[in-house]
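Q: Could you take me on a close look at the largest cavity in this structure? I would like to know what lines it and where the lining comes from.

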Amino acid sequence: AVIAYMLLAFTWWSVLLYEKNRDAFYAKRELLLIGMVAEGRVSGQAAFQQTPEFQELQSKYRAQKYMIMGEAAVFVASLLVGMYLINRGYHKEIQSARQRRNFLLSITHELKSPIASIQLVLETMKRRTTLKPELKERLMENALSDTDRLHGLVNDLLLSAKLETAYQPFQEHIDLSELVDGIIDKMRHKYPKIKFVYAQDGNIPMVYGDKTGLTSVALNLLENAVKYSTPPIRIETNLHFQTDDIVLEVADNGIGIEDKEKKYIFDKFYRVGNEDTRKTKGTGLGLYIVAEIVRAHKGTITVQDNHPQGTLFRITLPARATTGQQEQKSLKAS
């Protein structure tokens, strides 16, 4: 309302100033004409308009008129741009507050669930000292699984905080094909009912990067693919060398991501949908961590639709292989 009032007020004053400038021009013109007629310099309106004095007066009037119109246009444009920036900032703040609320809701659930499960297992084992071996084994496996889940969640929280402030990749020579192969084996063991298809080139060069960070990248992408897929789940991973880059692709046959959501999924705390209707577990940190680690390695990450359905994530990392690194990989393989 204040901005609208300012806009209307300035428009009114601009019109008023324009009219006052015009009235002043007419008055000066009439006075100049009367003086020239009295002096006998001109005998009519046509002769008066040809005089240097009138031409100078008219030139000044036009300059002032254009100045008023130009300043009014600049002010209105500045005001409109300011309104747009304020509105955009307001909506960003609202979106950020909504994401923080969603994060608090999800993190509360994600922390309470494994803690409650572990507590239940410990209370059961304390109260029932004579458990059947198979039941005891199953309870222990559930507790260990929840512990791993809790450990992973804490690691994601710590890593996301570090990415905002002081994340420095620990550089070392990494055999990326071996790293991805090991992660795929772990995923197959963890999810025996899911089909993991893995293909790679035979000439993947070694890279120089953070092994822990790149491990987190691959794990987060695969866990994300599992989380947002529906049975029968098929997840395809492809690692290949293209020109001077190493390309890692993870594709699923899940629910996919709408085009309007794709530009937001790498934002911190962002999750598709809302916490009240979302069924999948998560905190909105996984893809944010992936994107930040990839950027720290001077790489890029893109998301697109997988056909006939699902999502495909493509990571491109620059290959900085040297002869010494290739020799190291050959010796390691032998």
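A: Happy to: here is a walk around the largest cavity.

A quick word on the basis: this is a predicted model, in which local features need pLDDT of at least 70 and side-chain atom pairs count only at pLDDT 80 or more, while totals for chains, interfaces and linings use all residues. Residues are numbered from 1 along each chain as its sequence is written, and side-chain values use heavy atoms, with hydrogens and water left out.

Rolling a probe the size of a water molecule over the atoms shows where empty space is left. Here a cavity is a set of points, on a 1 Å grid over the protein atoms alone, where a 1.4 Å probe fits but cannot get out; lining residues have an atom within 4 Å of a point. Searching the whole structure turns up three cavities of 30 Å³ or more, and the largest holds about 70 Å³ of space, a volume being the space filled by probe spheres set on the points, which are joined across faces, edges and corners.

Around that largest cavity sit Leu176, Leu179, Leu214, Val217, Ala218, Leu248, Val294, Ile315 and Leu317. By class, the lining has nine nonpolar residues and no polar or charged ones (nonpolar: Ala, Val, Leu, Ile, Met, Phe, Trp, Tyr, Cys and Pro; charged: Asp, Glu, Lys and Arg; polar: the others, Gly among them).

At least two lining residues come from each of helix 5 (176-190), helix 6 (211-227) and strand 7, where helices (H or I, at least four residues) and strands (E, at least two) are DSSP runs numbered from the N terminus. Helix 6 contributes the most, with three residues.

Methods. 1 Å grid on protein atoms, 1.4 Å probe; cavity = no way out; pocket = protein on both sides within 12 Å on 5 of 7 lines; lining within 4 Å.
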